[in-house]
Amino acid sequence: MTGLEPLLERVRLAVFDFDGVFTDNRVWVDENGTEQLAFSRSDGLGLRRLEDVGVTPLVVSTERNPIVSARAQKLRVDCRQGVDAKLDVVTEIADGLGLKLDDVAYVGNDINDVDCLRMVGLPVVPADAWPEVVPLAKWVLSRPGGTGCVREFCDAVWEARRQ
């Protein structure tokens, strides 16, 4: 993480895509059409660490899905769903908090995250991000989506900001 410390220290708003970040981007569908997803339990503790150092977490998802709502509620994280223009939402939330986009980190994994990754101060992607978005990142996490990449990110911000 050489060189990332100043960027990590500056983060005040951490925005996460959902599918492919909190999940491994796979979905199980049963014979009734009910979807199921798997998550890393460690992410929740990481999100608490963000709050401990004054960083607001936010989930922004293109898809509208009750699983996303349930998980965000369990994690006690504000969640915006059904968002086509993610950058508009990120900008609105940042403005509402009195922040510049330079104070924002965005963790995303796919082409619907491109606008946010290009504009924030700290663009981050999981290890298994879609190849098109990897060059936009200032940090490629060592963990893939759904296997603790959220926790990896949160711990690094926590470590940088708690000092």
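User: What covers the buried residues of helix 6 in this structure?

Analyst: In this predicted model, the cover over the buried residues of helix 6 includes helix 1 (5-10), strand 1 (13-16), helix 2 (42-52), strand 6 (104-107), strand 7 (122-125) and strand 8 (139-140). The buried residues themselves are Cys149, Val150, Glu152, Phe153, Cys154, Ala156, Val157, Trp158 and Ala160.

User: How many residues does helix 6 have, and what span should they give?

Analyst: Helix 6 comprises 13 residues, 149-161, and at 1.5 Å a residue these should span 18 Å. The C-alpha atoms at the ends of helix 6 are 19 Å apart, which agrees with that expectation.

User: How should one read a nonpolar core, and which residues have the most contacts inside the largest one?

Analyst: The general idea is that in soluble globular proteins nonpolar side chains tend to be buried together. Here the largest nonpolar core has 32 residues, and Phe16, Phe22, Leu47 and Phe153 have the most contacts inside it. At least two residues of this core come from each of strand 1, helix 2, helix 3 (66-75), strand 6, strand 7 and helix 6. Helix 6 gives the most, with eight residues. Another core, of 22 residues, lies apart from this one; Leu13, Leu101, Tyr106 and Val125 are among its members.

User: Which residues does Phe16 touch, leaving out those up to four places away in sequence?

Analyst: Phe16 touches Val21, Phe22, Leu47, Leu50, Pro57, Leu58, Val59, Val60, Val107, Val150, Phe153 and Cys154. Phe16 counts as buried because its relative accessibility is 0%.

User: One of those contacts is Pro57. Where does Pro57 lie, and what else is it in contact with?

Analyst: Pro57 lies in strand 4, residues 56-60. With a relative accessible area of 6%, against a limit of 20% for burial, Pro57 is buried. Beyond its neighbours within four places in sequence, Pro57 is in contact with Ala14, Phe16, Leu47, Leu50, Glu51, Val77 and Asp78. Pro57 and Val134, by contrast, stand 22 Å apart in space, C-alpha to C-alpha, and 77 residues apart in sequence.

User: How many aromatic pairs are there, and how are the rings of Phe16 and Phe153 arranged?

Analyst: An aromatic pair is read from the distance between ring centres and the angle between ring planes. The count comes to five aromatic pairs. Phe16 and Phe153 form an edge-to-face pair, at 5.6 Å centre to centre and with 85° between the planes. Phe16 lies in strand 1 and Phe153 in helix 6, so this pair ties together parts that are 137 residues apart in sequence. Like Phe16, Phe153 is buried, at 0% relative accessibility. Both residues belong to one aromatic cluster that also contains Phe18, Phe22, Phe39 and Trp139.

User: How many salt bridges does the structure hold, and which residues are linked in a network?

Analyst: A salt bridge is read from the distance between a side-chain nitrogen of Lys or Arg and a carboxyl oxygen of Asp or Glu. The structure holds nine salt bridges, and Asp17, Lys86 and Asp113 are linked in a network of them. Between Lys86 and Asp17, the closest N and O atoms are 2.9 Å apart. That pair links distant parts of the chain, 69 residues apart: Lys86 is in helix 4 (residues 86-96), and Asp17 is in the loop between strand 1 and strand 2 (28-29).

User: Are the members of this network buried or exposed?

Analyst: Lys86 and Asp17 are both buried. Asp113 is buried as well, with a relative accessible area of 0%; this residue is found in the loop between strand 6 and helix 5 (114-119). The side chain of Asp113 also makes a polar contact of 2.5 Å with the side chain of Tyr106. Setting aside residues up to four places away in sequence, Asp113 touches Asp17, Lys86, Tyr106 and Gly108.

User: Which residue meets Asp155 in a salt bridge, and which parts does that pair tie together?

Analyst: The side chains of Asp155 and Arg49 meet at 3.1 Å, N to O. Asp155 lies in helix 6 and Arg49 in helix 2, so the pair ties together parts that are 106 residues apart in sequence. Asp155 is partly exposed at 22% relative accessibility, and Arg49 is partly exposed at 25%.

User: Which residue meets Glu159 in a salt bridge?

Analyst: Glu159 meets Arg162, at 3.3 Å from N to O. Glu159 is partly exposed, with a relative accessible area of 33%, and Arg162 is partly exposed, with 46%.

Note on methods:
Residues are numbered from 1 along each chain as its sequence is written. This is a predicted model: local features need pLDDT of at least 70, side-chain atom pairs count only at pLDDT 80 or more; totals for chains, interfaces and linings use all residues. Side-chain values use heavy atoms; hydrogens and water are left out. Helices (H or I, at least four residues) and strands (E, at least two) are DSSP runs, numbered from the N terminus. The expected span of a helix is 1.5 Å times one less than its number of residues. Buried means under 20% relative accessible area, exposed over 50%, partly exposed in between (1.4 Å probe, protein chains only). Contact means heavy atoms within 4.5 Å. A nonpolar core is a set of buried Ala, Val, Leu, Ile, Met, Phe, Trp, Tyr and Cys residues joined through side-chain atoms within 4.5 Å. A salt bridge is a side-chain nitrogen of Lys or Arg within 4 Å of a carboxyl oxygen of Asp or Glu. A polar contact is a pair of N or O atoms within 3.5 Å; within protein, one must be able to donate a hydrogen and the other to accept it, and residues adjacent in sequence count only if both atoms are side-chain atoms. Rings of Phe, Tyr and Trp (its six-membered ring) pair if their centres lie within 6.5 Å; planes under 30 degrees apart count as stacked, over 60 as edge-to-face and the rest as tilted.
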